[in-house]
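Colleague: I should like to learn how to read contacts and interfaces from coordinates. May we work through an example together?

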Amino acid sequence: MQEYSSQAAYDRGEAVCVIGAGASGLIAVKNLRENGFEVDCYERDTVLGGLWNPQNQHSPLYPNTHLVTSRSQTEIPDFPMPDDWPDYPSATQMLTYLTSYAKHFGLSEHIWYGSEIAAVEPVEGSRFEVIVKPAAGNAARRLRYAAVIIATGHHWAPNLPSYPGQDQYRGTVLHSSQLKDASRLRGKHVLVVGGGNSGVDLACEAAVNAAGCVHSVRRDTWHLPKYLGGEPADYALNRLGARPKFLRRFLTDRLLNGPARLAARMGIEVPGRGPGGEEPVRNGRYLEHVGDGSIRRRGEVARFDGYDVAFADGTEMRPDLVVFATGYRPQITCVAAPLLGVEGTGGTPQLMARMFSPKSQTLAVAGLVEPGVGVLPIVHWQTHAIARWLQVRKSDPERAKNFRDQVQSETTGQADGPGAASPRHRLAVDAEEYLASLARIIDTLEQEPAK
Ligand SMILES: Cc1cc2nc3c(=O)[nH]c(=O)nc-3n(C[C@H](O)[C@H](O)[C@H](O)COP(=O)(O)OP(=O)(O)OC[C@H]3O[C@@H](n4cnc5c(N)ncnc54)[C@H](O)[C@@H]3O)c2cc1C
């Protein structure tokens, strides 16, 4: 903030600042506007859509990215995707969808493109001052807002592993976000490292494009096909949620029996607690490629050695290309870590109900969750709750205090998501429980005040 201190701040009164114009930022702008707030949204890139826009210069899309969650489970509740779209839309269709959403709700006029927020600082009266990073030759802008919602996503800082000998490795290494063109795989012996959805998708791309594919996986996980019982798998499983518990368990086991047996045949042990425990991988082609030998599975990489790679099981290979599909580190750099409950360096934000700052009533984060189901419906309810909270805070301080206490108790027990043991699953939430907790939060905020 120091370097910008000579500029006078422009006060935007009761307006709210939203940072990022990806899916979460757009949904936040729409829900805030619908609840009567003035909004300024800042996007560092020159386009909307966040990671779904290949023109966004840091987009992590890789060749042939399609949704792994189905259309009905991904669409925003008040803006359905077109009926004639496929069950699993492509990245291009996701961008079309978000662009139509912005157009339908008239969001573009509230977005400032090419405007990176460099810093967000609390100032007096629970307000925030934001610094908009200057484009070359321009002065920085400083503005004051009544509240700030961070919607900057968590797929921008590649998480790169560090194996013995990797520094001296002489072959070619890419992170999954750098592989934009499947032709780079052609004719090569490819090693894909990482067993999440990206790793599995890229192993399948390598299976059909490369000369050979080895897939290194640290631990087994659930492998779901995209369809179960003749329906999109997430829809089929979600639909069982309404049944009594015993019936639900019986029907779920029956649906999952086939995929679990197929995985076992390929030497994959699925975790005992079912695919709801942490994000399953969803790709029906993968186990078939393992079955026909076009993907060979290996355990964890043990070390790199010259041009060679050795695995923990004692086998070795000499790849032409190594692709690290090892995910991303959630990073929010524009705000001081303690405001987000981050402890130590590189820690994960510990937010109340996964969205409210534990230190400030007027700072919230949207979309910092991995629910293992469609993210957009969750962000819709999160930002609806945030907008309602900002209203109640102004109109009814006593109810606001009770509400904070309730959120605090909703947060207890969520601090450790289903996959908290593994760094890859730091942001995991049990979608069903989390949506139920969002519903309770919204109910409380929407109750008529007692007379
Ligand atoms: C390969 C891949 C496949 C996926 N598949 C699915 C799927 O099938 N189903 C599903 O539900 N989810 C999926 N996701 C999750 C995805 O993260 C969400 O669907 C959603 O798009 C996230 O939107 P977001 O707005 O939170 O983040 P982003 O799309 O990352 O948008 C954040 C925006 O903030 C901007 N920004 C960042 N920092 C600043 C700053 N300081 N100032 C101004 N602007 C800033 C960025 O430029 C970006 O435009 C997938 C993710 C990946 C990477």
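Modeller: Let us begin with a definition: contact means heavy atoms within 4.5 Å. This is a predicted model, in which local features need pLDDT of at least 70 and side-chain atom pairs count only at pLDDT 80 or more, while totals for chains, interfaces and linings use all residues. Residues are numbered from 1 along each chain as its sequence is written, and side-chain values use heavy atoms, with hydrogens and water left out.

Colleague: Which residues is N31 in contact with, leaving aside its neighbours within four places in sequence?

Modeller: N31 touches H380, T383, H384 and A387.

Colleague: Is N31 buried or exposed?

Modeller: Buried means under 20% relative accessible area, exposed over 50%, and partly exposed in between (1.4 Å probe, protein chains only). N31 counts as buried because its relative accessibility is 1%.

Colleague: How should the area between domain 1 and domain 2 be read?

Modeller: The size of an interface is often given as the accessible area lost when the parts come together. Buried area is that loss (1.4 Å probe), summed over both parts. Here, domain 1 (2-157 + 328-445) and domain 2 (160-324), with bounds from an automatic or database domain assignment, bury about 2300 Å², 46% of which comes from carbon and sulfur atoms. In domain 1, Y62, P63 and V68 lose the most area to domain 2, together 28% of what that side buries.

Colleague: How many salt bridges are counted between domain 1 and domain 2?

Modeller: A salt bridge is a side-chain nitrogen of Lys or Arg within 4 Å of a carboxyl oxygen of Asp or Glu. The count between the two domains is one.

Conventions
Buried area is the accessible area (1.4 Å probe) that two parts lose on being put together, summed over both.
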